[in-house]
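Open your viewer and get ready to click through a few selections. At each stop you will hear what to select and what is there.

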Amino acid sequence: MSLLDDVAERDGWLCWVCDEPVDPDESVNDPRGPSVDSRTADRKTKVAERLAHRGCNSRKGAVKVVIAWPERLYVVEPAPLITVAGRLERKAGREMVGRCPTRRDAQEAADWLVDRFSRLVPGLPITAGIEAGGGQFLVILTAGRR
């Protein structure tokens with residue numbers, strides 16, 4: 001199996017940038033085709049490769065990547081996920097990523113975040129917790145060391 005196939009299988013054939021399916025039969029030269037992204041230009045830095053559409057991979061070189069929160073989630077003041085991922089990857093620990101009006105909203109957000117971070121930062125052990133406070137529910141991500 002090639003590196004592309006290994007990375008794609010691990011990532012479930014989902015693009016880490018847009019979180020949309022990647023067609024394994026599409027040409028690697030097509031913008032919707034598969035590509036492997038290492039997220040860094042520094043070859044000495046050890047960063048796990050991730051699956052991306054060719055177009056998403058090319059576009060992220062020209063503009064800063066923003067991982068969008070799904071509109072179906074009710075999250076107040078959602079944190080910028082690329083920034084959160086970078087901090088958790090560097091130093092582990094805990095970080096509050098959003099506030100929700102109900103425990104159910106917070107649980108939906110927490111479940112989505114754990115799934116999304118599995119592709120955003122492969123291999124980083126992420127758990128999500130919910131803490132009640134001030135009539136709202138805080139969604140907290142916790143990362144351990146690799």
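## Stop one: the cysteines

Begin by selecting Cys-15, which counts as buried because its relative accessibility is 0%. Keep in mind as you look around that this is a predicted model.

How many disulfides are there? The count comes to 0. Cys-15 is in no disulfide, and its nearest cysteine sulfur, that of Cys-18, is 3.8 Å away. A disulfide would need the two sulfur atoms within 2.5 Å, so Cys-15 does not form one with Cys-18.

Now add Cys-56 to your selection. Cys-56 is in no disulfide either, and the nearest cysteine sulfur to it, that of Cys-15, is 3.8 Å away. Is Cys-56 buried or exposed? With a relative accessible area of 4%, Cys-56 is buried.

## Stop two: the whole chain

Zoom out and colour by secondary structure. You should find 4 helices and 5 strands in the protein chain. Starting from the N terminus, the elements follow the order α-β-β-α-α-β-α-β-β.

The chain has 146 residues, and 39% of them are buried. Contacts also reach along the sequence: counting those between residues at least 6 apart, 56% join residues that are at least 24 apart.

## Stop three: Asp-11 in a loop

Next, select Asp-11. You will find it in the loop between helix H1 (3-10) and strand S1 (34-37). Asp-11 counts as buried because its relative accessibility is 3%, and the cut-off for buried is under 20%.

Which residues does Asp-11 touch, leaving aside neighbours within four places in sequence? Show Arg-50, Leu-51, Arg-119 and Pro-122, since Asp-11 is in contact with these four.

## Stop four: helix H3

Select residues 81-91, which make up helix H3. Within H3, the residues Leu-81, Val-84, Ala-85, Gly-86 and Leu-88 are buried. What do these buried residues pack against? Their partners are strand S3 (93-100), helix H4, strand S4 (126-133) and strand S5 (136-143).

Before moving on, click Ala-92, which follows H3. Its phi is positive, near 55°.

## Stop five: where two helices meet

Keep H3 on screen and add helix H4, residues 103-120. Two packed helices are described by the angle between their axes and the distance between the axes. H3 and H4 pack at an angle of about 70°, and their axes are 12 Å apart. Angles of 65 to 115 degrees count as roughly perpendicular, so H3 and H4 are roughly perpendicular to each other. The crossing of H3 past H4 is right-handed.

Show the side chains that make the contact:

- From H3, pick Leu-81, Ile-82, Val-84, Ala-85 and Leu-88.
- From H4, pick Trp-112, Leu-113, Phe-117 and Leu-120.

How many nonpolar, polar and charged residues are in this contact? There are 9 nonpolar residues, with no polar and no charged ones.

## Last stop: Asp-105

Stay on H4 and select Asp-105, which lies in this helix. Asp-105 is buried, at a relative accessible area of 17%.

Beyond its neighbours within four places in sequence, Asp-105 is in contact with Tyr-74 and Cys-100. Finally, draw a distance between the C-alpha atoms of Asp-105 and Leu-73. These two residues are 32 residues apart along the chain, and the separation of their C-alpha atoms is 6.8 Å.

Key
Residues numbered from 1 in each chain as written. Predicted model: local features only at pLDDT ≥ 70, side-chain atom pairs only at ≥ 80, totals over all residues. Heavy atoms only, no water. Buried < 20%, exposed > 50% of the residue type's maximum accessible area, 1.4 Å probe, protein only. Contact = heavy atoms within 4.5 Å. Axes fitted to C-alpha atoms, helices over the stretch in contact; angles between N-to-C directions. Parallel < 35°, antiparallel > 145°, perpendicular 65-115°, else oblique. Left-handed = near helix turned anticlockwise from the far one by under 90°. Nonpolar A, V, L, I, M, F, W, Y, C, P; charged D, E, K, R; others polar.
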